[in-house]
Amino acid sequence: MNTFSPAVPPSVSGTDVTETLRLIENKFGDGYTATTPSGPNFIQNTVTLTWGAIHLSDLNNILTFLRANAGLPFYYQLPDESSARKWYVPPNGWKRSWIGGVDYSFSVQFVERFDNA
């Protein structure tokens, strides 16, 4: 499995992490609700990495990796973590905007994977 390690790191201040809880919820007739985690990996992280300004050549290297790994899991280590985790890019997972000249802003979304693929 490949590892995403861009030559230019994303901006730490532009990194957003969302934790989604996967829960099983049972509603009973008397208004009582019981909730339990859905499996051992019931907290799934989604992270948005942002480059405020990135040169076209560095952006193309990132895009080459993302396109080659479309739909496939890969490893990436978040800036504040000690080890890499497994991620994939969902459909419509990245966005680039032209700033001027050969500079762009770029953001990509990674969703955590837990399978053995």
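In which strand is Ile43 found? In this predicted model, Ile43 belongs to strand 4, which spans residues 43-55. The residue is partly exposed, because its relative accessible area is 33% and the partly exposed class lies between 20% and 50%. Together with Leu21 and Leu23, Ile43 makes a nonpolar surface patch of about 250 Å².

From the surface, the description can turn to the interior. The largest nonpolar core has 19 residues, and those that touch the most other members are Phe4, Leu49, Phe106 and Phe110. Two or more residues are given to this core by each of strand 4, helix 1 (56-68), strand 5 (74-76) and strand 8 (103-112). Helix 1 provides the largest share, with five residues. In soluble globular proteins, nonpolar side chains tend to be buried together.

Phe4 offers a handy view of the contacts around one of these core residues. With residues up to four places away in sequence left out, Phe4 touches Leu49, Trp51, Ile62 and Phe65, as well as Phe74, Tyr75, Tyr76 and Phe110. Leu49 and Phe110 are thus named twice, as contacts of Phe4 and beside Phe4 among the core members that touch the most others.

Leu49 also leads to Thr15, a residue in the segment before strand 1 (16-21). Again leaving out residues up to four places away in sequence, Thr15 touches Val47, Thr48 and Leu49. A polar contact is found here too: the side chain of Thr15 reaches the backbone oxygen of Ser11 at 3.0 Å.

Notes. Residues numbered from 1 in each chain as written. Predicted model: local features only at pLDDT ≥ 70, side-chain atom pairs only at ≥ 80, totals over all residues. Heavy atoms only, no water. Patch = residues over 30% accessible without salt bridge, like charges linked within 9 Å, V, L, I, M, F, W, Y side chains within 5 Å. Areas by Shrake-Rupley, 256 points an atom, 1.4 Å probe, with all protein chains shown as cover. Salt bridge = Lys/Arg side-chain N within 4 Å of Asp/Glu carboxyl O. Helix = DSSP H or I, 4+ residues; strand = E, 2+ residues; numbered from the N terminus. Buried < 20%, exposed > 50% of the residue type's maximum accessible area, 1.4 Å probe, protein only. Polar contact = N/O pair within 3.5 Å; in protein donor to acceptor, adjacent residues only side chain to side chain. Contact = heavy atoms within 4.5 Å. Core = buried A, V, L, I, M, F, W, Y, C linked by side-chain atoms within 4.5 Å.
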